[in-house]
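Morning, everyone. I'll talk you through one chain today, so have a look at the screen and stop me if I go too fast.

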Amino acid sequence: MEESNFRTEYKKQEKGNGNGMDKMRRWIVGVIIAVLVLAVGTSSVSIVQSGTVGVVLQMGAVQEMVFQPGLNFKVPFITSVVEMNVQTKKTEVASSAASQDLQVITTGVAVNFHVDPDSAARLYRNVGKSYDSTIIEPAIQESVKAVIARFSAEQLVTKRQEVSLAIKEELSS
């Protein structure tokens with residue numbers, strides 16, 4: 001009889017420990033699920049800052065769609081967002097060129113520019129984020145050289161406004 005009570009007590013203790021282990025497993029599984037849901041939830045949201053647009057990359061490939069500033073939803077782990085600044089920026093370039101009378105003219109040119117938000121994806125795909133040193137600065141230098149070559153050194157001083165307009169026209173073409 002006493003042996004039977006011992007077995008019954010042992011089984012009760014064994015079941016009691018099993019319930020504690022089940023609770024622990026449920027708690028661990030719940031925590032893991034919560035962490036996964038949190039990870040998927042946070043990676044499915046992209047916040048694009050004011051003054052920028054978000055270039056959408058899907059598996060590394062640039063998409064034509066851009067995200068506007070604010071909260072945007074994306075496919076987690078597949079879609080990423082690269083911000084491109086669309087605010088007006090200023091770049092200054094020092095340039096040397098020969099005038100019409102073969103005088104070496106050194107100038108400093110400052111240009112204000114901005115990226116068209118609708119063209120940001122194409123610009124990122126073709127040039128990348130360093131578009132100012134890849135496109136803007138060489139274009140300024142070439143425009144300055146082309147315009148300065150049309151004028152003599154004396155005309156560059158006396159017709160300064162005309163030279164400035166000619167450089168602007170050259171840059172915008």
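**A walk through the chain**

Let me start with a single residue: S43 counts as buried, because its relative accessibility is 15% and the cut-off for buried is under 20%. Before I go on, keep in mind that this is a predicted model. S43 belongs to helix α1, which covers residues 2-43. So what does S43 touch, once we leave aside its neighbours within four places in sequence? The answer is K74, P76 and F77.

Hold on to F77, we'll need that one again. First, the overall picture.

The chain has five helices and seven strands. If you read along the sequence, you get α-β-β-β-β-β-β-β-α-α-α-α. There are 173 residues in the chain, and 28% of them count as buried. Now take the contacts between residues at least 6 apart in sequence: 61% of those join residues at least 24 apart.

Okay, on to the strands. There's an open sheet of three strands here, and the order is β3-β2-β5, with antiparallel pairing. Which strands are the edges? Those are β3, residues 61-67, and β5, residues 79-85, and each of them pairs on one side only. From one strand to the next, the twist averages 35°.

Let's look at the pairings in that sheet. Strand β2, residues 52-58, runs antiparallel to β5, and seven bridges join the two. If you want a spot to click on, Q58 sits opposite T79 in β5. Turning to β2 and β3, they also pair in the antiparallel sense, over four bridges. There, G54 has F67 in β3 as its bridge partner. β2 and β3 form a hairpin with two residues between the strands, and in that hairpin M59 takes a positive phi near 55°.

A quick word on why I mention that sign: most residues other than glycine have a negative phi. Back to F77, then, which is not a glycine and yet has a positive phi of about 65°. F77 is in the loop between β4, residues 70-73, and β5. Is F77 buried or exposed? Exposed, because its relative accessibility is 65% and the cut-off for exposed is over 50%. Remember that F77 is one of the residues in contact with S43, and S43 counts as buried.

L102 is another one to look at. L102 isn't a glycine either, and has a positive phi of about 65°. You'll find L102 in the loop between β6, residues 89-98, and β7, residues 104-113. With a relative accessible area of 70%, L102 is exposed.

Last stop, the helices further along. Two packed helices are described by the angle between their axes and the distance between the axes. Here, helix α3, residues 131-148, packs with helix α5, residues 160-172, at an angle of about 135°, and their axes are 9 Å apart. α3 and α5 are therefore oblique to each other. As for handedness, α3 passes α5 in a right-handed crossing.

Who makes that contact? On α3, the residues are A139, I140, S143, V144, A146 and V147. On α5, they are V163, A166, I167, E170 and L171. By class, that contact has nine nonpolar, one polar and one charged residues.

That's my tour. Questions, anyone?

Technical notes:
Residues are numbered from 1 along each chain as its sequence is written. This is a predicted model: local features need pLDDT of at least 70, side-chain atom pairs count only at pLDDT 80 or more; totals for chains, interfaces and linings use all residues. Side-chain values use heavy atoms; hydrogens and water are left out. Two strands pair if DSSP finds at least two bridges between them. Axes are lines fitted to C-alpha atoms, for helices over the stretch in contact, and angles run from 0 to 180 degrees between N-to-C directions. Angles under 35 degrees count as roughly parallel, over 145 as roughly antiparallel, 65 to 115 as roughly perpendicular and the rest as oblique. A crossing is left-handed if the near helix is turned anticlockwise from the far one by less than a right angle, and right-handed if clockwise. Contact means heavy atoms within 4.5 Å. Ala, Val, Leu, Ile, Met, Phe, Trp, Tyr, Cys and Pro count as nonpolar, Asp, Glu, Lys and Arg as charged, and the others, Gly among them, as polar. Buried means under 20% relative accessible area, exposed over 50%, partly exposed in between (1.4 Å probe, protein chains only).
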